[in-house]
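Work through the following exercises with the sequence and the structure side by side, and try each task before reading its solution.

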Amino acid sequence: MEYLKINLEYKSSKDNIVIALGNFDGMHLGHRKLIDELNSVKLKRNLKTAVLLFENHSKNVVLKKEFPRIMSFSDKIDTLTELSIDYIFSIEFDDKFRNLTSKEFLEFLTDNLRVSHIVVGEDYTFGVDRGKVNVISNFTDNNGISLSVVPSLKYDGYKISSRNIIKDIENGNLKPVNFLLGRYYSLKGNVESGFRRGHKLGYPTANLKLSFNYVIPKDGVYFTKTKYRNKYYFSFTSVGNNPTFNNKNVSIETHIFDFDKEIYDEEIEIFFIERFRDNEKFDSVEKLKEQLSLDREKCNELIKTYSD
């Protein structure tokens, strides 16, 4: 894979490229379908595969607000690298790019990036004039390049989209999330010092400081896996404001099984497997300790299911 950071003045020395277009937040099954088509065209026509990524999400620029996302930009790069894409073009989605017409954008693809074939989803829209697939089709027909339009996929009656997956994450509905992502939804960040209440309760926790504006799952307690230095450990994770202690801010605290290292300021990744209860306000610390013991027992049962 070759990573190329570009701007609107960039002139590629590459040619014979098939490119996939989209925001690719989550790299869900719909996105994977685009990648499948990308690779199919590559094999049939002996082209090089490419993806055009925005370094910042287009919606954030258009609405001038930072929205939480399923994946960071670096997460997308890592995933596409694993998928053996030949070239990743990254460009900042700024006001100048935003104000391109659909025709100007397509000319940029063909003249600057020397694209021979375009792959998009059937609901893809682009350009300041909100061009749709028919605009791309007319352009490709008139300019000697080709086009693949990938139909939208559905799951349980609704369209697979990043927007719908985000809603399920926010509702704690992990079963469809993990199925549609093809992986357990995860959060990355560094471990920061907390109140150390977990140590006193006999369940020390790693408190996560997010490295990106990820979508945070619904408040509650989750069965999770935690990745630390490329090793995976079962864990359970509390998301919320610790109602027993009346915390003001939402925290993400993870108790890692069979783990006794001090890992402050080190990076971990938490994979959310299953939500098994709401947060509760307990009348006493002893009642909380009893519940944590039950949580541990619940997780031990789940480990038997997910140990593969």
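**Exercise 1. Place K14 in the chain and describe its surroundings.**

Solution. Begin with the position along the chain: K14 is found in the loop between β1 (2-5) and β2 (17-21). Bear in mind throughout that the model is a predicted one. Next, turn to accessibility: the relative value for K14 is 17%, and because buried means under 20%, K14 counts as buried. Finally, look for its partners: once the neighbours within four places in sequence are set aside, K14 is in contact with E2, L4, Y87, L113 and R114.

**Exercise 2. Classify the aromatic pair of F54 and F97, and say where each ring lies.**

Solution. A pair of aromatic rings is described by the distance of the centres and the angle of the planes. The search for such pairs in this model comes to 21 aromatic pairs. For F54 and F97 the ring centres are 5.3 Å apart and the planes stand at 70 degrees, so the pair is edge-to-face, since an angle over 60 degrees is classed in this way. The pair links distant parts of the chain, with F54 in strand β3 (residues 48-54) and F97 in helix α4 (residues 95-98), 43 residues apart. As for accessibility, F54 counts as buried at 14%, and F97 counts as buried at 7%.

**Exercise 3. Is the pair of Y124 and F126 stacked or edge-to-face, and which cluster do these residues belong to?**

Solution. The centres of the two rings, Y124 and F126, are 5.5 Å apart with 15 degrees between the planes, and the pair is stacked. Both Y124 and F126 are buried. Widening the view, one aromatic cluster is formed by F54, F93, F97, F105, Y124 and F126, and this cluster therefore includes the residues of the edge-to-face pair, F54 and F97.

**Exercise 4. Compare the settings of three salt bridges: K42 with D86, D75 with K188, and K304 with E301.**

Solution. Side chains of opposite charge can pair when their charged atoms come close. Across the whole structure, 14 salt bridges are found.

- In the bridge between K42 and D86, the side chains meet at 3.2 Å, N to O. K42 lies in helix α1 (residues 29-45) and D86 in the loop between α3 (73-82) and β4 (87-91), so the pair ties together parts that are 44 residues apart in sequence. K42 is partly exposed, with a relative accessible area of 26%, while D86 is buried at 17%.
- In the bridge between D75 and K188, the closest N and O atoms are 2.9 Å apart. This pair links distant parts of the chain, D75 in helix α3 and K188 in strand β9 (residues 185-192), 113 residues apart, and both residues are buried.
- In the bridge between K304 and E301, the side chains meet at 3.3 Å, N to O. Both residues lie in helix α10 (residues 285-306), three residues apart, which is about one turn of the helix. K304 is exposed at 59%, whereas E301 is partly exposed at 48%.

**Exercise 5. Which residues are joined into one network by salt bridges that share partners, and where does the charged end of R296 sit?**

Solution. For the network, salt bridges with shared partners join R277, E280 and D295. For R296, the charged end sits over the ring of F257, at 4.0 Å from the centre of that ring.

Notes:
Residues numbered from 1 in each chain as written. Predicted model: local features only at pLDDT ≥ 70, side-chain atom pairs only at ≥ 80, totals over all residues. Heavy atoms only, no water. Phe/Tyr/Trp six-rings, centres within 6.5 Å; stacked < 30°, edge-to-face > 60°. Helix = DSSP H or I, 4+ residues; strand = E, 2+ residues; numbered from the N terminus. Buried < 20%, exposed > 50% of the residue type's maximum accessible area, 1.4 Å probe, protein only. Lys NZ or Arg CZ within 6 Å of the ring centre and 35° of its normal. Salt bridge = Lys/Arg side-chain N within 4 Å of Asp/Glu carboxyl O. Contact = heavy atoms within 4.5 Å.
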